[in-house]
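Got a viewer open? Let's take a walk through this one together, from a sheet and its helices to the pockets.

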Amino acid sequence: MAVRSDQKRRHDDAQAKRDAARYEDIKSRTGERARRVSAAGRDIGPPPPVVDAARRESCRLDFRLFCETYASESFPLAWSTDHLTAISKIEGAVLRGELFVFAMPRGSGKSTLCEWASIWALVYGHRQFVVVIGSDQSIAEQMLDSIKAHLEQNDLLAEDFPEATYPIRALEGINARARGQTIDGRPTKIEWTADQITLASAPGAACGGAAVRVAGITGRIRGLKHTRPDGKTIRPDLVLIDDPQTDESAASPSQCATREKILSGAILGLAGPGRKIAGLCTVTVIRTDDLADRLLDRTRHPAWQGERTKLVYDWPEADELWGQYAELRREGQRSGAGTGAADAFYAERQAEMDRGSRVAWPARKAEDELSAIQHAWNLRIDRGESAFAAEFQNAPLADDIATDKLDRRSLALRSTPVKRGVVPGGHTKVTAFVDVQDRLLYWLVASWSESFGGHVVAYGTYPDQGASHFEAQTAKRTLAQAAKGAGFEAALRAGLDELSKMLLSREWPREDGVPMRIAQVLVDSNWGQSTQVVRNFCRASPFAASILPSRGKGVGASGTPLGPRRNRGDRSGLNWVVGKTADGVQIEASYDTNFWKTFASARLRLGIGDPEAILLHEGAHDMLLDHLTSEYPVRVEARGRSVDEWKQTPRENHWWDCLVGAAVAASITGLEPAASEAGGRRRKKVAIPTGADGKRVIVTRRAK
């Protein structure tokens, strides 16, 4: 029995070994078959032949022809002279390693030109490692996505550059396939990620292993390298910089200087020691002396060969007709009737209205527009003078960034049924402020309740512009014209005399029939050569008892708040002081603009039913809202103080200054913010800075 048991055990062991061997054999053969199938699936085979070799070769050294041949859908309109200049400069950068920065109007296709320049450089092998740099990483990746789309979807490009496009199309949108892709068993080393493209290494392909990588200008740029399929490490030889600044960075001299240093140092040094890099940079000038403005200045950066272009080089001679056209267009947009009346007006007078104009790109116009100059005027009307000057002329009118912090849409809802020129019932004070500019005066009249709730009664300019939209720098009716050509000082004095009569010699009726007069007018005396003229006017005016020159200055967190009376006879209040000027001749009001702008902003945010809210008279207020949203606060802490320091955007802020000044005038008349509502009703505090006397100023609203 024991013998038979041993035999059976040996038999079973042998059988187990045979079964195990058989399993391993099946497993090996199955795995090998799977590997062959997988390899066959990853192997895309050789690229197809070039469809039109002559067409391909004709564009090798001709970037314009390349764009017209392979990118006609991206450039459907006829080229402008400025486009041809840019194309010539791009050729110089790609073929000869030059640097080129160009500012073109928004919508001119400058970014698209850069995208196709990178494709042209790569598919012909002109450049091996291209770096795309944006204002931040996400913007640069968007540009790379556009380059990817052209390489994936352009059929003509696929016909003539199969070695570049065929492996890309073989991925079928599945990026993970790139890792294992082969051609005749050899890895293509293609890369297709969010921040890099590496073209496949196909036999005989000049573009094999060429790469595009993206980065933000303030990101990790220094020392970028790329390892080719043959193991060789290369440095960038072409850099594309697309709009390297943001609105915020353009407003900051320190950020402009930082980005300028990065561009001149780290970016231009990407090619490595002793090597020259080719560079293309597209820019838009947002403000004077921003990064774009500096790069375009050939005295500062002569190597960049800066070119600054415009949408319009010469405006038409018929200013009055275009002014009427602008009013018709705005009125049609406001009423919902559309722009048909304005379009018909232009169609009837086109020859006369076009006379004297010279546009950069005659083909640029919408389907419903008759000419490029009409298109330019429509952009100028719809976008506003400041935005148009910066985005389409590359010649900004203002020095700061464009942004809105107050909610423009909410402000538009603050209009009340109270008609212009009428004081709401219950308001007991009427004040005004005059903002002095070199070409005209901006003014605003406001009324106030005992709880310091405000109402914009009326606002305008002297001389009146007779238009719903304009800007001080382009005003058609000026102080000098109203004074029949007098010099600046005489024209300003005459304008102040006429405006003060208009504001102070009349009654402003209240809703209940009570006639009211302006109790206090402040006139801006803080503007350059106007200071002495304003002071003399206020002292000699028949209304001198109600008029004060004023100087607003923002006291920052590190500054010293306006305190109590500084000299005998001075009066002081809530971050304001009324006292003698340095010469001891004139009484003048000084106030902290940061405090009072925060004060006014808080009241513009209160609910419409709140007794401390600031509201507007009946009607549309498009231009006023532009001014009210022209500045934004930045919270700054220093020396134990926390202050909202207000910064200006490119939009004009004159009526915003007027509203703030009118609130200061109300405080000077004795009006004070309520610490609590009469009757002790519970209120909710709104953040307002600490007063000059160290006590907290409480601005309240009803608790929900």
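What follows covers one sheet, the helices packed on it, and then two pockets.

Keep in mind as you look around that this is a predicted model. A good place to start is the open sheet of eight strands, which mixes its pairing and follows the order S5-S6-S7-S2-S10-S11-S1-S12. The edges belong to strand S5 (191-192) and strand S12 (307-308); each has a single partner strand, so one side of each is left without a neighbour in the sheet.

Now move inward to strand S2 (residues 129-134) and strand S10 (residues 238-242), which run parallel and are joined by five bridges. If you want one pair to click on, take Val130, whose bridge partner in S10 is Leu238. In general, strands of a sheet pair through backbone hydrogen bonds, either parallel or antiparallel.

Next, the helices. Helix H5 (residues 110-123) packs on the sheet and touches strand S1 (99-103), S2, strand S7 (211-216), S10 and strand S11 (278-283). Its direction makes about 160 degrees with that of S11. Then there's helix H6 (residues 137-153), lying across S2, S5, strand S6 (196-198), S7 and S10. Against S7, helix H6 runs at about 155 degrees. Both helices have S2, S7 and S10 on their lists of strands.

Time to leave the sheet and look for empty space. The largest pocket holds about 800 Å³. Its lining is made of 36 residues, and those nearest the centre are Lys597, Glu631, Gln648, Asn653 and Asp657. Which elements give two or more residues to that lining? They are strand S15 (429-436), helix H21 (593-605), strand S27 (641-648) and helix H23 (654-668). S27 gives the most, with four residues. Sorted by class, the lining of the largest pocket comes out as ten nonpolar, 13 polar and 13 charged residues.

The second largest pocket has about 650 Å³ of space. Here 30 residues form the lining, with Asp382, Arg383, Gly384, Asp626 and Arg651 closest to the centre. Helices do the supplying this time: helix H12 (319-335), helix H15 (372-383), helix H16 (385-391) and helix H22 (622-628) each bring at least two residues to the lining of the second largest pocket. H16 has the largest share, five residues. As for chemistry, the lining of the second largest pocket counts eight nonpolar, eight polar and 14 charged residues.

Note on methods: Residues numbered from 1 in each chain as written. Predicted model: local features only at pLDDT ≥ 70, side-chain atom pairs only at ≥ 80, totals over all residues. Heavy atoms only, no water. Pairing = 2+ DSSP bridges. Contact = heavy atoms within 4.5 Å. Axes fitted to C-alpha atoms, helices over the stretch in contact; angles between N-to-C directions. 1 Å grid on protein atoms, 1.4 Å probe; cavity = no way out; pocket = protein on both sides within 12 Å on 5 of 7 lines; lining within 4 Å. Points joined across faces, edges and corners; volume = space filled by probe spheres on them. Nonpolar A, V, L, I, M, F, W, Y, C, P; charged D, E, K, R; others polar.
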